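Colleague: I've got the model open, and I'd like to practise reading it with you. Can we go feature by feature?
Modeller: Sure, here it is.

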Amino acid sequence: MFKKQIAIAIAGAALALGMSSANAAMTFTVSPSGLPGESGAPVTATSITGNSSELLHSTATGHTGSGYINYGYLLDTNNNQVFFDSDAGYDLYVKFTLTDTYGSPENILTSLTFDFYADLNRDNRYIAAGTAGTGANTTGTEAQVIDVGGEDILLGSGSLVSGVAAFNSQGGAALNANTTFSLTNAGKLYFTAPNPFFNMSFNGFNNQTGGAVINADGTIAINAGGVTSFNVPEPTSVALLGLGLLGLGASARRRRQK
């Protein structure tokens, strides 16, 4: 029952993101030395783990929203966490916009576009979606990435293939999205294997309980943890595998909010 009564139906609920049952993750290799001024040995990994933040605006038919993913580390083939700042130090992040339509039991994603960046000096500011003011004056604030040094490099971009999102009764929700993934020339120097690189990606982010604020202006601020990988599981139903992802997200919470 996600029709226009959505504001009532999700009162006390939060939006988050979660993974459906997935195929075995395919490996890929990144080469930090492919980024200007960076160093470090290549890493073969199965996924990139991070934290997302977004602000949703309700419409008559669904939601519109924008936000970011600030990645914390790679998960290698031995399930070890490999952080980006182990050598010269850099960050990876995504900026995205999305829309969905109400459905039952899941909302259907109707658009999702993103750009994937490297922050070479790890000097960006990440401002999480949230609220400003108190009580009846509470309004939502947009999730923002501020490129402090102006040296960020676009590595790739993509758009929606298919995806779903859903709220749950414990104050959480889930989103699974299969997307295209296309590297820039700079991105091909960083994502080095396979060659050519995967042209599809999977993003699964969730916060099983809490992690969202429903503002007096009707916006919903969502902060969640999850992973990006380059296999493409079927996002046909949302399974809130939240505990594992929330643990990963907590470990990855290395962003600096200034």
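Colleague: Let's take charged pairs. Which side chains meet in a salt bridge here?
Modeller: The general idea is that side chains of opposite charge can pair when their charged atoms come close. The working cut-off is a side-chain nitrogen of Lys or Arg within 4 Å of a carboxyl oxygen of Asp or Glu. In this predicted model, R122 and D91 fit that, at 3.3 Å from N to O. A search of the whole structure finds one salt bridge.

Colleague: Where in the chain do R122 and D91 sit?
Modeller: The pair links distant parts of the chain, 31 residues apart. R122 is in the loop between β6 (107-119) and β7 (125-127), while D91 belongs to strand β5 (residues 91-101). Strands here are DSSP runs of E, at least two residues, numbered from the N terminus.

Colleague: Are R122 and D91 buried or exposed?
Modeller: Both are buried. For that label, relative accessible area must be under 20%; exposed is over 50%, and partly exposed lies in between (1.4 Å probe, protein chains only).

Colleague: And what accessibility does G67 have?
Modeller: G67 has 8% relative accessibility, which is why it counts as buried. You'll find G67 in strand β3 (residues 62-76). Leaving out residues up to four places away in sequence, G67 touches S53, E54, V94, K95, F96 and A143, where a contact means heavy atoms within 4.5 Å. S52 is 15 residues from G67 in sequence, and their C-alpha atoms are 7.3 Å apart.

Colleague: How do I read strand pairing, say between β2 and β3?
Modeller: Two strands pair if DSSP finds at least two bridges between them. β2 and β3 run antiparallel and are joined by 13 bridges; for instance, T49 has Y73 in β3 as its bridge partner. A hairpin of three residues connects β2 to β3.

Colleague: Which strand besides β3 pairs with β2 in the antiparallel sense over nine bridges?
Modeller: That's β17, pairing with β2 (residues 43-58). To place it on screen, look for N51 opposite G225 and S52 opposite A224. Strand β1 (residues 28-30) also runs antiparallel to β2, with three bridges, and V30 is the bridge partner of V43 in β2. As for cover, 13 of the 16 residues of β2 are buried.

Colleague: How many residues of β17 are buried?
Modeller: Ten of its ten, over residues 220-229. Both faces are covered: one side has I220, I222, A224, G226 and T228, and the other has A221, N223, G225, V227 and S229. β17 also runs antiparallel to β15 (residues 200-207), joined by five bridges, and F202 stands opposite S229 there.

Colleague: Last one: what is the average pLDDT of the chain?
Modeller: pLDDT is the predictor's confidence in each residue, from 0 to 100. The chain averages 79, and 72% of the residues score at least 70. Over residues 1-23 the pLDDT is below 50, although the model gives this stretch 83 contacts beyond near neighbours in sequence. Residues 236-258 stay under 50 too, with 62 contacts beyond four places in sequence.

Colleague: Any ground rules for the values?
Modeller: Residues are numbered from 1 along each chain as its sequence is written, and side-chain values use heavy atoms, with hydrogens and water left out. As this is a predicted model, local features need pLDDT of at least 70 and side-chain atom pairs count only at pLDDT 80 or more, while totals for chains, interfaces and linings use all residues.

Definitions and conventions. Helix = DSSP H or I, 4+ residues; strand = E, 2+ residues; numbered from the N terminus.
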